Amino acid sequence: MIGRVIAREVRRGFSGPAWLPAAFFLLVAVLVPFAVGPDSRLLARIAAGALWIAALTAALLPIERLIEPDRADGVLDQLFVRGVADESIAAAKVAGHWLSFGPLLLVSAAVGALLLRLPPDQLPRLLLALGIGSLGLAAMAVAVAALTAGLPRAGSLAGLLLLPLAIPLLIFGAAASSDPGSGALLLESAVALLLVAGAPFVAGAAIRASRT
């Protein structure tokens with residue numbers, strides 16, 4: 001059943017506007033040179049941070065479709081009646097969301113790195129850091145989507161919740177992308193692991209609370 005939920009989330013992600021976060025990410029990468037100028041040294045210096053901010057903001061876009069449509073249509077209740085725990089549903093949604101969000105984000109990051117003149121030797125580190133960080137972002141997105149499901153102006157509330165919580169990922173991820181000797185990758189991995197492990201319990205509790 002969990003595998004079916006994951007496959008359903010992936011199908012939903014790619015049948016909907018899955019390209020939208022990737023397009024938004026690239027748009028931010030395109031706009032940065034207009035804001036700071038065409039100086040290639042400056043662009044290379046800020047590229048990792050700019051791409052991380054682009055990833056963080058792009059992660060906000062799919063939040064409203066992660067939990068609320070299934071809650072409103074009764075899909076979550078049907079899964080619960082069939083014996084699937086709310087935490088398992090949330091974990092499956094994290095996995096399905098990352099599969100439709102993470103790989104496209106990494107492809108966009110490779111293109112964005114070229115646009116921002118990121119040195120080629122930094123690209124593997126950037127992709128590794130973003131790959132790990134996107135897991136944490138996907139977990140946070142599902143948890144925040146569950147907490148705000150059914151609330152008025154849920155999209156705005158989701159941004160207010162997710163952005164502050166993502167600051168550790170942003171700090172360690174940007175540092176790991178530009179400085180391999182800082183140990184930031186280990187700290188980023190620890191934060192991402194904590195988010196992936198904890199988000200299903202937060203989201204599961206929120207789904208359960210919305211049912212009562």
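## Ala143 and its neighbours

Setting aside residues up to four places away in sequence, Ala143 touches Ala199, Val202 and Ala203. This is a predicted model, and the residue in question sits in a well-defined part of the chain: Ala143 belongs to helix 7. Its relative accessibility comes out at 10%, so Ala143 counts as buried, the cut-off for that label being under 20%.

For a sense of distance, take Asp73. It is 70 residues from Ala143 along the chain, and the two C-alpha atoms are separated by 19 Å.

## How confident is the model?

Mean pLDDT for the protein is 87, with 99% of the residues at 70 or more. Broken down by element, helix 7 (residues 123-148) has the highest mean, at 92. At the other end of the ranking is helix 1 (residues 2-15), whose mean of 79 is the lowest among the elements.

## The nonpolar core

The largest nonpolar core holds 59 residues, and Phe25, Ile67 and Leu162 are the ones that touch the most other members. Quite a list of helices chips in at least two residues each: helix 2 (19-36), helix 3 (40-58), helix 5 (75-81), helix 6, helix 7, helix 8 (154-165), helix 9 (167-178) and helix 10 (184-211). Which of them gives the most to this core? That would be helix 7, with 13 residues. As background, nonpolar side chains in soluble globular proteins tend to be buried together.

Leu162 is worth a closer look. Ignoring its neighbours within four places in sequence, Leu162 is in contact with Leu56, Leu60 and Ile63, and also with Met140, Ala141 and Val144.

## Helix 6, bend included

Helix 6 covers residues 86-115. How far apart should its ends be? With 30 residues at 1.5 Å a residue, the expected span is 44 Å, and the end C-alpha atoms are 42 Å apart, so the two values agree. There is still a bend to report: helix 6 turns by about 35° at Trp98. After the helix comes Arg117, which has a positive phi, near 60°.

Ser100 is also found in helix 6. Is Ser100 buried or exposed? Its relative accessibility is just 3%, so Ser100 counts as buried. As for its side chain, a polar atom there lies 3.1 Å from the backbone oxygen of His97.

Definitions and conventions: Residues are numbered from 1 along each chain as its sequence is written. This is a predicted model: local features need pLDDT of at least 70, side-chain atom pairs count only at pLDDT 80 or more; totals for chains, interfaces and linings use all residues. Side-chain values use heavy atoms; hydrogens and water are left out. pLDDT is the predictor's confidence in each residue, from 0 to 100. Helices (H or I, at least four residues) and strands (E, at least two) are DSSP runs, numbered from the N terminus. The expected span of a helix is 1.5 Å times one less than its number of residues. The bend at a residue is the angle between axes fitted to the seven residues ending there and the seven starting there. Buried means under 20% relative accessible area, exposed over 50%, partly exposed in between (1.4 Å probe, protein chains only). A polar contact is a pair of N or O atoms within 3.5 Å; within protein, one must be able to donate a hydrogen and the other to accept it, and residues adjacent in sequence count only if both atoms are side-chain atoms. Contact means heavy atoms within 4.5 Å. A nonpolar core is a set of buried Ala, Val, Leu, Ile, Met, Phe, Trp, Tyr and Cys residues joined through side-chain atoms within 4.5 Å.
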